[in-house]
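Open the structure in your viewer and keep a selection box handy. We will go from stop to stop, and at each one you get something to select and a short account of what is there.

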Number of protein chains: 4
Amino acid sequence: MDNLETTINQIPPEKAITQLSKKQQAVLKASLSLFAKVGYDRTSTYEIAKLAGVSEGTVFSQFKTKNQLLHAILGPFIGEILPMAASEFINQLQTTSLPHFEDFLNYIVHDRMSFVMSHRSEFKIFVQEMGRNPQLLIMLTERLNTLINRRLSEMLRFYQDKGELITWDPMRISRYIVSVILGYLLPNTLMSDEPLVIEQQTRECVEFLMRGLSA
Amino acid sequence: MDNLETTINQIPPEKAITQLSKKQQAVLKASLSLFAKVGYDRTSTYEIAKLAGVSEGTVFSQFKTKNQLLHAILGPFIGEILPMAASEFINQLQTTSLPHFEDFLNYIVHDRMSFVMSHRSEFKIFVQEMGRNPQLLIMLTERLNTLINRRLSEMLRFYQDKGELITWDPMRISRYIVSVILGYLLPNTLMSDEPLVIEQQTRECVEFLMRGLSA
Amino acid sequence: MDNLETTINQIPPEKAITQLSKKQQAVLKASLSLFAKVGYDRTSTYEIAKLAGVSEGTVFSQFKTKNQLLHAILGPFIGEILPMAASEFINQLQTTSLPHFEDFLNYIVHDRMSFVMSHRSEFKIFVQEMGRNPQLLIMLTERLNTLINRRLSEMLRFYQDKGELITWDPMRISRYIVSVILGYLLPNTLMSDEPLVIEQQTRECVEFLMRGLSA
Amino acid sequence: MDNLETTINQIPPEKAITQLSKKQQAVLKASLSLFAKVGYDRTSTYEIAKLAGVSEGTVFSQFKTKNQLLHAILGPFIGEILPMAASEFINQLQTTSLPHFEDFLNYIVHDRMSFVMSHRSEFKIFVQEMGRNPQLLIMLTERLNTLINRRLSEMLRFYQDKGELITWDPMRISRYIVSVILGYLLPNTLMSDEPLVIEQQTRECVEFLMRGLSA
DNA sequence: AATGAATGAGAGTTCATTCAT
DNA sequence: GATGAATGAACTCTCATTCAT
């Protein structure tokens with residue numbers, strides 16, 4: 001693994017993917033599918049080429065190495081997995097759209113579940129590589145912490161001041177929210193191919209979290 | 001990956017390990033260390049041999065294949081990870097030692113955290129392989145479900161009847177307990193090498209779960 | 001290597017080069033530079049295209065194969081490296097312009113040194129390929145021998161008859177002349193990029209050869 | 001080419017070669033033969049394996065890379081090519097065994113010709129790589145210069161003082177000696193497989209050099 | 001004429017596994 | 001039982017060459 005750090009730091013050049021030729025997109029799609037199914041290490045570039053219906057040389061014409069293929073898949077995903085509660089978007093919601101903590105919870109739980117479910121394969125690959133690449137997890141956590149400290153803590157304090165949220169450390173609160181969401185997503189994405197009924201799961205999830213986190 | 005199913009179904013031949021010669025134990029230990037650090041696929045048998053201080057041939061004298069090495073490591077671990085709420089042990093606790101749900105929570109949270117922390121490497125390998133081997137996770141879940149339906153549900157009903165536990169589906173309750181525990185264990189085991197202050201974490205964990213799960 | 005024999009046998013199509021388009025000339029120039037710097041085998045057509053500022057396809061539009069590129073470079077060079085004492089030109093010099101052996105030596109030493117120094121890159125490529133392509137050297141030698149036997153021997157006899165040149169076999173005499181000239185050229189072309197002070201070197205060279213070859 | 005510098009600086013671990021297994025020696029021998037015949041770049045490890053009668057894996061079991069194979073061949077050769085006029089050996093010859101410059105010439109011409117002829121393949125590979133690896137030539141020359149300045153110049157001065165050797169710069173004298181020797185060796189080693197009649201060539205060589213270099 | 005995406009044969013290298021010692 | 005040299009299939013990657021545009 002060369003450097004997944006770069007992957008995380010780059011804002012994904014969204015257009016890049018659409019600029020790819022048909023064959024290159026097939027390569028990317030085949031990689032996505034195989035990496036998710038059997039893992040990065042157990043996928044050979046020969047199998048990728050075969051599934052994509054191209055020659056092995058073609059696999060390397062756009063993405064110079066097998067590792068760049070992984071980056072090309074995980075880069076955009078990582079770039080979008082975190083903004084959960086990011087920047088402008090959140091600030092504006094704060095007082096207007098989400099007056100109560102329950103609204104807030106409903107929003108992010110539903111939003112992140114939807115995102116992951118519509119990127120199941122990327123998520124699975126990400127989870128797999130995470131086990132192998134602590135760096136990946138460490139950086140993600142650091143970013144998450146920054147996010148929480150800079151943005152989220154203000155918001156949480158907003159609800160805490162309103163008496164709707166228990167006055168725990170924002171970090172601790174976030175940990176529980178993330179844990180419970182993942183408790184729904186991980187078994188589903190890793191084990192089955194059935195789509196999740198997001199509305200139902202969100203309701204359950206929020207119900208529990210509201211009990212645990214209300215003031 | 002031949003067949004990890006066998007791994008799970010076998011009651012771990014506990015004695016096997018102690019029967020191993022010094023060299024074979026060194027092999028197992030080296031494998032454990034390397035698999036956890038860089039992953040099964042990225043560990044070569046040559047490196048195992050070097051770290052264990054034996055010849056490459058010796059690596060294969062006891063464990064016929066590299067995969068059997070993985071089994072020899074994960075087998076016992078999986079065999080012990082589940083009994084969490086298993087069989088005799090739980091039944092006897094039920095009414096005597098753990099009269100209140102909080103006692104029960106305290107017990108299993110502390111118990112499982114301790115277990116995982118004292119088998120960090122095995123846990124890490126398990127998590128890594130899980131992403132790659134859905135079979136592993138599916139079987140584990142099925143077993144967990146059986147366990148919950150047969151044993152745990154009785155216990156939970158016991159606390160529910162006492163009015164100490166919310167009357168949700170036992171499966172749902174278990175999901176939250178497991179999720180929150182893992183929310184503490186995963187970042188710690190995957191990211192850092194610092195030991196966890198189990199007592200402190202247990203207290204936090206139980207505090208949150210009690211709020212979320214009390215009747 | 002297809003057939004470098006053809007390269008030697010072809011009278012270099014002098015005009016060919018000037019007939020080439022700007023792009024083709026750029027390709028030839030880039031090849032010359034890269035072949036000389038890192039060698040034919042270690043130069044990829046991609047690098048040639050990049051340096052020439054053309055597409056990879058263009059590299060092959062004029063020269064059908066990479067090998068033809070080598071031929072296009074070495075052909076003219078080989079065609080001109082030998083005429084040292086060739087044909088009409090020499091015959092006419094013989095008695096008129098170069099009455100003494102020292103004049104003769106001065107002439108060819110200076111002439112060949114100048115030629116090589118103004119074709120350093122070609123010379124370097126030629127030397128490199130020679131090691132790999134004995135055919136190249138064999139043919140060159142045969143041609144040299146023919147040249148010597150047919151033309152040069154007459155001339156040398158002229159000076160021998162005048163008592164200015166030792167009465168050794170012309171082949172032997174030629175060997176020493178060539179060796180000593182190469183003794184100056186090789187280190188300079190292979191090792192450094194500094195231009196040779198040809199006048200100075202010629203004087204030294206001739207001084208030594210005169211001592212060794214005078215009657 | 002990683003680092004041929006190391007090759008030159010290491011005194012060749014002579015024993016290493018004899019310690020090699022039969023198969024490894026076959027690999028070395030096959031490499032020597034193929035590198036000399038078609039060049040390093042145009043020899044594939046598959047061909048080496050085939051010629052050596054071993055599997056391709058075996059080629060890499062002792063020599064980790066193809067390049068190390070080249071080093072293993074050139075290292076010892078380079079280590080011995082220079083001592084021509086080296087250290088103790090020369091000093092002791094100086095006044096005792098070689099009273100006259102002609103004796104001295106006879107000695108080194110014969111000695112170096114014998115050495116190269118008994119290492120034809122290595123010499124050929126060396127010449128080929130030299131064209132591609134200026135570093136190789138530069139270092140060799142620097143060493144040669146050091147050798148000449150430190151040791152040889154004393155010796156030459158000894159003969160100059162005796163009035164047997166022209167009072168030119170030692171560097172210049174060396175250049176001619178080397179050039180003329182190579183003038184015999186290069187065509188023979190590069191072009192043919194016929195053994196050289198060393199005695200005859202040495203006599204010719206010395207005869208010419210004596211004429212050119214006598215005071 | 002020029003492009004550059006695509007090709008596929010072949011390169012160097014790795015590695016789990018075997019087996020004679 | 002232990003060794004480590006040997007294996008050969010499989011791997012990632014390179015590159016001269018082709019061809020539709």
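## Start at the axis between chains A and B

Select A:Gly212: of the residues of chain A, this one comes closest to the rotation axis, with its C-alpha at 1.9 Å. The rotation in question superposes chain A on chain B by a turn of 179° with 0.1 Å of shift along its axis, and the RMSD is 0.1 Å. Both copies use the same surface, since 93% of the contact residues of chain A recur in chain B. Please keep in mind throughout that you are looking at a predicted model.

## Colour the contact between A and B

Now show the residues where these two chains touch: 29 residues come from chain A and 27 residues from chain B. Which elements of chain A should you highlight on the side that touches chain B? Those giving two or more residues are α9 (120–132), α10 (134–161), α11 (170–191) and α12 (198–213) of chain A. Of these, pick out α11(A), which supplies the largest share, eleven residues. If you colour this side of chain A by class, you will find 14 nonpolar, seven polar and eight charged residues.

## Move to chains C and D

Next, select C:Gly212. A rotation of 179° with 0.0 Å of shift along its axis superposes chain C on chain D, with an RMSD of 0.3 Å. This is the relation of a two-fold axis. In chain C, the C-alpha nearest that axis belongs to C:Gly212, at 2.1 Å. Here too the same surface serves both copies, with 96% of the contact residues of chain C recurring in chain D.

## A helix pair across C and D

Keep those chains on screen and select residues 134–161 of chain C, helix α10, together with residues 170–191 of chain D, helix α11. Their axes come within 9 Å and cross at roughly 125°, and α10(C) and α11(D) are therefore oblique to each other. The crossing of α10(C) past α11(D) is left-handed. For the side chains, show C:Pro134, C:Leu137, C:Ile138 and C:Thr141 on α10(C), which meet D:Pro187, D:Leu190 and D:Met191 on α11(D). By class, that contact has six nonpolar residues, one polar and no charged.

## A helix pair inside chain D

Hide chain C and select helix α6 (residues 66–81) and helix α9 (residues 120–132) of chain D. How far apart are the axes of this pair, and at what angle do the helices pack? The axes lie 10 Å apart and the angle is about 100°, so α6(D) and α9(D) are roughly perpendicular to each other. On α6(D), display D:Ile73, D:Leu74 and D:Phe77; their partners on α9(D) are D:Glu122, D:Ile125, D:Phe126 and D:Glu129. This contact divides into five nonpolar, no polar and two charged residues.

## Finish at DNA strand F

Bring everything back and select the 36 residues around DNA strand F, where A:Ser44, B:Gly57, C:Thr45, D:Lys23 and D:Gly57 come nearest. Among the elements that give two or more residues to this surface are α5 (56–62) of chain B, and α3 (22–38) and α5 (56–62) of chain D. Chains A and C each add α4 (45–52) and α5 (56–62). Coloured by class, the surface near strand F shows six nonpolar, 19 polar and eleven charged residues.

How values were computed. Residues are numbered from 1 along each chain as its sequence is written. Chains are lettered from A and ligands numbered from 1 in the order in which they are written. This is a predicted model: local features need pLDDT of at least 70, side-chain atom pairs count only at pLDDT 80 or more; totals for chains, interfaces and linings use all residues. Axes are lines fitted to C-alpha atoms, for helices over the stretch in contact, and angles run from 0 to 180 degrees between N-to-C directions. Helices (H or I, at least four residues) and strands (E, at least two) are DSSP runs, numbered from the N terminus. Angles under 35 degrees count as roughly parallel, over 145 as roughly antiparallel, 65 to 115 as roughly perpendicular and the rest as oblique. A crossing is left-handed if the near helix is turned anticlockwise from the far one by less than a right angle, and right-handed if clockwise. Two residues are in contact if their C-beta atoms, placed from the backbone, lie within 7 Å. Ala, Val, Leu, Ile, Met, Phe, Trp, Tyr, Cys and Pro count as nonpolar, Asp, Glu, Lys and Arg as charged, and the others, Gly among them, as polar. A residue is near a molecule or strand if its C-beta atom, placed from the backbone, lies within 6 Å of it. Copies are superposed by least squares on the C-alpha atoms of residues with pLDDT of at least 70 in both.
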